[in-house]
Amino acid sequence: MTARPQPRCPANDVEDSANAGKSRRTRSRLSAEKSAPPPAERPSNRTAKLPADLPAEVRWPDAAGCRDLRRKVLRWFAAHRRDLPWRRTQDPYAVWVSEVMLQQTQVVTVQDYWPRFLQRFPTVSDLAAAPIDDVLRLWQGLGYYRRAKQLHAAAGVIVQQHGGQFPTDFSQVLALPGVGRYTAGAVLSIAQQQSWPILEGNTVRLYSRLLGLASDPTTPANQQLLWRFAETIVPQCRAGDFNQGLMELGGQVCQRHQPKCGECPLRKGCVAYQTGRQAEIPAAKSRPTRWEARTECLVLLQRGPRWLGRTLPADQRWAGLWDFPRFDIGWLLTNEQDEPQWPLPPRALEWLQQQVHEQFGLRVQLQPLGEPIRHAVTRFRILLAVAQGHVAASRLSATATSAGWEWLSAAAIGDRPLSVTARQVWERQIEPRDT
Ligand code: SF4
C-alpha cells in the first residue's frame, strides 16, 4: 500500500480536505484507541452533509463556518505555539515517540524524557534492537509501562515489515501494536502534514463545547459524532499545524475549569460560550470510574549488602519491572475505614514473616519502615506499607529461585527498571542510607 499523495499546499490554504476530490478510508487513543469507531468512506461533500442522528442541541458548522474555524485555529497556533523539542522534527519515528509519551503524561515531564529516549534510541532499528529492560529503564517515572512495551514491539514490526522505515501509510501505521486512530492520525499529520483527523482528551472537550454537545461525550454514539466533526473540519493542507493548534487550544485556553473564553479565537462560533454553558459541557461520564481500594506491604529483605526481588513475570501487574516482595494485607485490617493501622499491628508482621518463610524459605524479624505510600494505578487506589528485615545467612528456597527471586546489590538494583513504588521506597528510604 502506498502513502497518501501529498497535496501541493499554498501558504494559507485551509480548504476542506474533501475538496481534493479523493475519498479515503480511515479507521478508528491509549486503550480506547483501538475501539474508536471505524470511520466510513469519506464523501467528497462531507462538510455539507449533517450526521443523520444529530442531537437536537448540536449546532453543526456549515462549509463557511468550517473554513473560518480552520483559519482562526491556524492563525492562533502560529502566534501561540510553544517551542517543544518534538516540534522541531519531521521524523515520524520521533513524533510517534512523543505522541506515545504524551498519552497520560504532562508536557513538562515529556520534555525531560523525550530527548533522552531519542539520544539512546535515535532510530526505529536502535529501539527494536535494544533489550526491553533498557527501554523500561529509560521509561521509569513515566508510568503506564504498557506504552513502552508496545513501542518496543511496534519497532520490531517496523524493522521486519517496513525495513526499519516508519510507514507513512495510515493503515500500516494503524496496524502497529499500540497504535490507534488518534496516534496514527496525529503522527502522520504532524510529521507529514497528511490530512487526518484527531480526537483525544483536549479535543473532546473543545469539540463538545464548540458544537454544544451536552450529553456524555464518551458514549459510542457521541464518540462517533465527535470523530465525524474532526473529519469535517480537518483541512487538506497544514493538517498537522491545525491538529496541534486544536490540542493546544484545548489544553491552554479551553480548559476544563474556567476556560479562557475571552482569549479564545473560536468564541464567536462556540455554542457553549454563546449560551453560557461552559461549566456544563462536556457532561460528566455517565459511568464514573469505580475505584478499588487495596492495601499492600512491600517487604525489604536484606542479606548483607543485597536485597531480594525479581523481575515481574508477564502475567503480573508491571510485568518486566523489578520489584521487592509485595503482599496484599487488606484482609488483615479491621478498622472501619479499611485503612492500615500504623505502625503495622503485630499480627500483620507475624503473618508477613510466615509468608516470607513459606515463599522463600527464609526466617526473618520484620519491622515497619517509614510512612505508607498512597498510589493510584488504573482503577486501584493503593495504600502501600513497608516492612524490612535482615536475613541471616540462609539459602533461598529452590521454588523461589525458579520463580526468579534473586539477591541484588544496590548497584544492580540501580540498573534495573523498578516499579514506581519500589523506586520511591528505594530512593527515599534505602539508597541515601545504605548505598
Ligand atoms: S469560547 Fe470558551 S468554551 Fe468555547 S471553545 Fe473557546 S475557550 Fe472553549
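1. A residue counts as near the ligand if its C-beta atom, placed from the backbone, lies within 6 Å of it. Keep that in mind for the next two points. The model is predicted.

2. The ligand has 15 residues around it. Of these, Cys254, Cys261, Cys264, Cys270 and Tyr273 come nearest. Two elements give two or more residues to this shell: α10 (201-211) and α13 (271-274). Helix α10 has the largest share, with three residues.

3. What classes of residue make up the shell around the ligand? The split is 11 nonpolar, one polar and three charged.

4. Next, a helix pair. Helix α6 (residues 132-139) packs with helix α7 (residues 146-162) at an angle of about 140°. Their axes are 10 Å apart. An angle over 145 degrees would count as roughly antiparallel, and 65 to 115 as roughly perpendicular. The two helices are therefore oblique to each other. The crossing of α6 past α7 is right-handed.

5. Look at who makes that contact. From α6 come Ile132, Val135, Leu136 and Trp139; from α7 come Ala148, Lys149 and His152. By class, the contact has five nonpolar residues, one polar and one charged.

6. Now check the confidence. The chain has a mean pLDDT of 85, and 84% of its residues reach 70 or more. Among the elements, helix α5 (residues 124-129) has the highest mean, 98. Helix α1 (residues 30-33) has the lowest, 43.

7. Two stretches need care. The pLDDT is below 50 over residues 17-32 and over residues 38-48. Beyond near neighbours in sequence, residues 17-32 have 41 contacts in the model, and residues 38-48 have 27. Where pLDDT is low, predicted coordinates should not be read in detail.

Definitions and conventions:
Residues are numbered from 1 along each chain as its sequence is written. This is a predicted model: local features need pLDDT of at least 70, side-chain atom pairs count only at pLDDT 80 or more; totals for chains, interfaces and linings use all residues. Axes are lines fitted to C-alpha atoms, for helices over the stretch in contact, and angles run from 0 to 180 degrees between N-to-C directions. Helices (H or I, at least four residues) and strands (E, at least two) are DSSP runs, numbered from the N terminus. Angles under 35 degrees count as roughly parallel, over 145 as roughly antiparallel, 65 to 115 as roughly perpendicular and the rest as oblique. A crossing is left-handed if the near helix is turned anticlockwise from the far one by less than a right angle, and right-handed if clockwise. Two residues are in contact if their C-beta atoms, placed from the backbone, lie within 7 Å. Ala, Val, Leu, Ile, Met, Phe, Trp, Tyr, Cys and Pro count as nonpolar, Asp, Glu, Lys and Arg as charged, and the others, Gly among them, as polar. pLDDT is the predictor's confidence in each residue, from 0 to 100.
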